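The report below considers the empty spaces inside a protein model, the way two of its helices are set against their surroundings, and a few backbone positions that deserve a second look. Please have the sequence and the coordinates open while reading.

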Amino acid sequence: MSKYLVGPFTVSKPTSPEDLKLIQYVFDSSLNGSEIVVQCKNYYLTRGELRSLRPRTWLDDNVLSTMSDAVTLVKKKLKYPVNWYLPISFAENTGDPRKCISFAEKHRIKENYMSDLLCCEKVFVPVFDEERNHFFLYVLQLKTQVVEIWDSFAASIQSDWGDRRLHNLLVSLDALFKDDIDQKYQNVWSFKDFRLERPSNVPQQPNGYDCGVYVIKFMVAPEEVTNPDFVFDSDNERLEVALRLLASDVNSCSDDLASKAEAYCEQRFGNCENLS
């Protein structure tokens, strides 16, 4: 199989000249690491943070939150988005339901990431496990009242920690949506009554650094990753995440970034069409 060099990535498919210029520019470690290269509504990424997507590198958690922000903005272009994608900071603040309410109000979590509770089908909640130094994902299925744990390193799960974190998360969601639940479900429905499931078909990572990339893939393409024929390729997936963020129309930096990348490549390489 042919391989293609796209910046720091070795991938199985060629990319467009425009995308190649973008990757060359953004992943140049000699350039300003504090330059903002992705700006969504609530989160942004600097070059230094985005460069955590380079191969065999631990992912900066801000990449996860910015991806949640970007996907939410795209989905909200639909009138009633049926899935919610929460930033990782939400799970980090669910240890105490009272503090969670304060955090949610301060950062307008319901307004920015959620919609009508009755219309919601799934909630994707990325989580960082401090004890395992590991990212994983809760998927709340609202119609069936099931919460699934999608973990790319399932063998390492510590049940006590996971049970406590999940309980606090569900209680926090009940508190956050108390008025909606009282009005629309007459107190016969509750997040804390959700049944826990651990799907057996969740792909498992072969290394110690790809968990954050797996979580993003689980959020944006759950049907693809559970297909028996799916094969995770780290460089392919990392490049896809980078381009999804950089070239998205919800990235307010995208036009300026493209111009900078064009000028950078022209100055550095001369013939921009033959970078690879």
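Which element gives the most to the lining of the largest cavity, and with how many residues? The answer is H11, with four residues. The model discussed here is a predicted one, and the values that follow are computed from its atoms.

**Cavities and the largest pocket**

Rolling a probe the size of a water molecule over the atoms shows where empty space is left. Searched in this way, the whole structure holds three cavities of 30 Å³ or more, and the largest cavity has about 50 Å³ of space. Its lining is made up of Met-67, Ile-216, Lys-217, Val-220, Glu-237, Glu-240, Val-241 and Arg-244. Two or more of these residues come from helix H9 (211-220) and from H11. Sorted by class, the lining of the largest cavity has four nonpolar and four charged residues, with no polar residue.

The largest pocket offers about 350 Å³ of space. It is lined by 15 residues, of which Ser-12, Lys-13, Asn-236, Glu-237 and Glu-240 are the closest to its centre. Helix H11 (residues 234-246) again has a leading part, since five residues, the largest share of the lining of the largest pocket, belong to it. The classes represented in the lining of the largest pocket are six nonpolar, three polar and six charged residues. Glu-237 and Glu-240 are among the residues that line the largest cavity, and both also belong to the group closest to the centre of the largest pocket.

**Helix H12**

Helix H12 (residues 254-269) has 16 residues, which at 1.5 Å a residue should span 22 Å, and its end C-alpha atoms are 21 Å apart, in agreement with that expectation. The buried residues of H12 are Ser-254, Leu-257, Ala-261, Tyr-264 and Cys-265. They cover an arc of only 95° around the axis, and therefore lie on the same side of H12. The spacing can be read against the geometry of the α-helix, which has 3.6 residues a turn, so that residues three or four places apart point the same way. The other side of H12 carries Asp-255 and Gln-267, which are exposed. Among the elements that cover the buried residues of H12 are helix H1 (17-26), strand S3 (36-39) and H11; H11 is thus named here as well as in the lining of the largest pocket. After H12 comes Gly-270, with a positive phi near 75°.

**Helix H8**

A similar question can be put to helix H8 (residues 178-185): which of its residues are buried? They are Asp-180, Ile-181 and Tyr-185. Seen down the axis of H8, these buried residues fall within an arc of 95°, so they line one face of the helix. Asp-179 and Gln-183, both exposed, are carried by the face of H8 turned away from its buried side. Just after H8, Gln-186 takes a positive phi of about 50°.

**Loop positions and a helix residue**

Arg-108 and Gln-145 also have positive phi values, about 50° for Arg-108 and about 55° for Gln-145, although neither residue is a glycine. Arg-108 sits in the loop between helix H5 (97-106) and helix H6 (109-113), whereas Gln-145 sits in the loop between strand S7 (134-141) and strand S8 (146-150). The loop between helix H2 (47-50) and helix H3 (61-75) contains Thr-57. Leaving aside residues up to four places away in sequence, Thr-57 touches Ser-52, Tyr-209 and Arg-238. Glu-92, by contrast in setting, has its place in helix H4 (residues 88-92), and its C-alpha atom is separated by 9.5 Å from that of Pro-126, 34 residues apart along the chain.

The accessibility of these four residues is set out below.

| Residue | Relative accessibility | Class |
|---|---|---|
| Thr-57 | 15% | buried |
| Glu-92 | 42% | partly exposed |
| Arg-108 | 46% | partly exposed |
| Gln-145 | 24% | partly exposed |

Thr-57 counts as buried because its relative accessibility of 15% is under the 20% limit. Gln-145, with 24%, is partly exposed, because its value lies between that limit and the 50% above which a residue counts as exposed.

Notes: Residues are numbered from 1 along each chain as its sequence is written. This is a predicted model: local features need pLDDT of at least 70, side-chain atom pairs count only at pLDDT 80 or more; totals for chains, interfaces and linings use all residues. Side-chain values use heavy atoms; hydrogens and water are left out. On a 1 Å grid over the protein atoms alone, a cavity is a set of points where a 1.4 Å probe fits but cannot get out, and a pocket is an open set with protein on both sides within 12 Å along at least five of seven lines; lining residues have an atom within 4 Å of a point. Grid points are joined across faces, edges and corners, and a volume is the space filled by probe spheres set on the points. Ala, Val, Leu, Ile, Met, Phe, Trp, Tyr, Cys and Pro count as nonpolar, Asp, Glu, Lys and Arg as charged, and the others, Gly among them, as polar. Buried means under 20% relative accessible area, exposed over 50%, partly exposed in between (1.4 Å probe, protein chains only). The expected span of a helix is 1.5 Å times one less than its number of residues. The arc is that of the directions from the helix axis to the C-beta atoms. Contact means heavy atoms within 4.5 Å.
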